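Work through the following exercises with the sequence and the model side by side. Try each task before reading its solution.

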Amino acid sequence: MEHWPPDAGPNEEKPALVHAEIVHHLAGRNALGVELLIAGRQKDAIAEFQRTLAGCHAELGPDHLCTLTVDGNLGVAQVAAGQRRDGMARIRANVAHRARVLGDDAPLTLTARDALAAAYRLSGDVDAAVALSRQVTAQRVRLLGPTAPDTLTSRMGLIRAVAAAGDLT
């Protein structure tokens, strides 16, 4: 799950104050969805993320960082609730959307790829998890350095994926 993007600014269609109020409201709803998911209430989290995503699309548009965040969180919630096919499809589409809008090396794109790798691992597709974890880790090492917090997070995900594949050495 992802934290709310800090640089989700206004656009030409909404004055800054109105935009800030809308983003604040939707951020609160996203946070509620995250809390529901953490509490193990996957179905409630899915419903909250769906409502929030509809609000994001209506108020901010499909390419807004906040919309992308909620969409990715919805996919994670679906996987957690056992809706593997729908959740994985959503996360894959979210990664592709972020790559188109933000670029392949953008931090939020890499965060989504890392989440996809974790979802592969948790869903039992360890080969895909290992391959994607290696890719994300290499990108983060190249972009951020070997000891950056996000790089270390990706390295831990890679270790988990390799262990899940049976390589315990």
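**Exercise 1.** Find which residues His97 touches, not counting residues up to four places away in sequence, and decide whether His97 is buried or exposed.

Solution. Begin with the contacts, where contact means heavy atoms within 4.5 Å: His97 touches Pro62, Asp63 and Leu68 once residues up to four places away in sequence are set aside. Next, place the residue, which lies in helix 4; helices here are DSSP runs (H or I, at least four residues), numbered from the N terminus. Finally, His97 has a relative accessibility of 16% and therefore counts as buried, since buried means under 20% relative accessible area, exposed over 50% and partly exposed in between, with a 1.4 Å probe and protein chains only.

This is a predicted model, in which local features need pLDDT of at least 70 and side-chain atom pairs count only at pLDDT 80 or more, while totals for chains, interfaces and linings use all residues. Residues are numbered from 1 along each chain as its sequence is written, and side-chain values use heavy atoms, with hydrogens and water left out.

**Exercise 2.** Work out what span the 18 residues of helix 2 should have, and compare it with how far apart the end C-alpha atoms are.

Solution. The expected span is 1.5 Å times one less than the number of residues, so helix 2 (residues 42–59) should span 26 Å. Its end C-alpha atoms are 25 Å apart, which agrees. Just after this helix, Gly61 takes a positive phi of about 95 degrees.

**Exercise 3.** Determine how many disulfides a search of the whole structure finds, and explain why Cys66 has no bond to Cys56.

Solution. A disulfide is counted when a pair of cysteine sulfur atoms lies within 2.5 Å, and the search of the whole structure finds zero. Cys56 is in no disulfide, the nearest cysteine sulfur being that of Cys66; the two sulfurs are 6.2 Å apart, and this is too far for a bond. Cys56 is buried, with a relative accessible area of 0%, and Cys66 is likewise buried, at 0%.

**Exercise 4.** Describe how helix 6 and helix 7 pack, beginning with the angle between them.

Solution. Helix 6 (residues 126–144) and helix 7 (residues 149–164) pack at an angle of about 160 degrees, with their axes 8 Å apart. Axes are lines fitted to C-alpha atoms over the stretch in contact, and angles run from 0 to 180 degrees between N-to-C directions. Angles over 145 degrees count as roughly antiparallel, so helix 6 and helix 7 are roughly antiparallel to each other.

Methods: Helices (H or I, at least four residues) and strands (E, at least two) are DSSP runs, numbered from the N terminus. Angles under 35 degrees count as roughly parallel, over 145 as roughly antiparallel, 65 to 115 as roughly perpendicular and the rest as oblique.
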